[in-house]
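Biologist: Please take one part of this structure and describe it closely, together with its surroundings. I would like one connected account, with the cut-offs stated.

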Amino acid sequence: MNTILYEVHHNLYVNLTNKCPCACTFCLRQTRDHMENSGSLWLEHTPSLEEVLAEFEKFDMDKYEEVVFCGFGEPTEALDNLLETARFVKENYHKPVRINTNGLGDLVNKKEVAPLLKGLVDTVSISLNTPDADEYQKLVRPKFGEISYQAMLDFAKKCTEYVPHVVMTTVATTLTEEEEKKCAQICEELGVTYRIRPWED
């Protein structure tokens, strides 16, 4: 059974793909197959756009505050379906749309993704993880290698031109106070919001 849509708190999450260009040492999918009451988020197959849109009919959309693209893969790995689903949500349900991403969508798709988000996405949340490029390589282990950290920062900056809210995140307890200050400075220079997310075991 493909779990494409699932609830977390007051939001509806969209699980488009299990593909990801990273192998993060801390990734939750290494230790669990679900989130909240989602059921397994390991997809039997990558869903078509038609399959994704049909799933929305099973949910009372009035219940949800936001639609969030975040599952067991990187949402921009399914960029076309992401954009068309966001358009569908905007046109039919008029809900705020957020993408939780590792910020490597430009490298994945070999083109600039940020301009395509204009009018479709309200918030982009990017995992910053660390203020240090070398440490990023060790933690995130991106398949694109050393260019990945700067590509992620460039994507965040570009998103500020097209998306109302751009957030970069780290996880509480994983960085020193000094490292968090450096992350805050990076975010200030990029013109984005810095958020420290709670640790999830």
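**A helix and its setting**

Modeller: E77 is buried, at a relative accessible area of 18% (buried means under 20%, exposed over 50% and partly exposed in between, for a 1.4 Å probe and protein chains only). The model is predicted: local features need pLDDT of at least 70, side-chain atom pairs count only at pLDDT 80 or more, and totals for chains, interfaces and linings use all residues. Residues are numbered from 1 along each chain as its sequence is written, and side-chain values use heavy atoms, with hydrogens and water left out.

The side chain of E77 meets that of K19 in a salt bridge, with 3.8 Å from N to O (a side-chain nitrogen of Lys or Arg within 4 Å of a carboxyl oxygen of Asp or Glu). E77 belongs to the loop between β3 and α2, whereas K19 belongs to the loop between β2 (11-14) and α1, so this pair ties together parts that are 58 residues apart in sequence. Helices (H or I, at least four residues) and strands (E, at least two) are DSSP runs, numbered from the N terminus.

The part chosen here is helix α2, which has 15 residues, 79-93. At 1.5 Å a residue, α2 should span 21 Å, and the 20 Å between its end C-alpha atoms agrees with this (the expected span is 1.5 Å times one less than the number of residues). Within α2, the buried residues are L79, N81, L82, L83, T85, A86, F88 and V89. These buried residues of α2 pack against two helices, α1 (49-55) and α3 (105-109), and two strands, β3 (66-69) and β4 (97-101) (contact means heavy atoms within 4.5 Å). Just after α2, H94 has a positive phi of about 55°.

Helix α2 also holds a salt bridge between E84 and R87, whose closest N and O atoms are 3.6 Å apart. E84 and R87 are three residues apart in α2, and so about one helical turn separates them. E84 is partly exposed at 35% relative accessible area, and R87 is partly exposed at 33%.

The search of the whole structure finds eight salt bridges. One of them joins K158 and E112, with 4.0 Å between the closest N and O atoms. K158 is in helix α5 (residues 147-159) and E112 in the loop between α3 and β5 (123-127), so the pair ties together parts 46 residues apart in sequence. K158 is partly exposed at 24%, as is E112 at 43%. Salt bridges with shared partners join E112, K158 and E161 into one network.

The strands that α2 packs against, β3 and β4, belong to an open sheet of seven strands with mixed pairing, in the order β1-β2-β3-β4-β5-β6-β7. Its edge strands, β1 (5-8) and β7 (193-197), each pair on one side only (two strands pair if DSSP finds at least two bridges between them). β2 and β3 run parallel, joined by four bridges, and V14 stands opposite F69 in β3. β4 pairs with β5, also in the parallel sense, over four bridges; T101 has I126 in β5 as its bridge partner. β1 and β2 pair in the antiparallel sense over four bridges, with V8 opposite N11 in β2. Both faces of β2 are covered, since N11 and Y13 on one side and L12 and V14 on the other are all buried.
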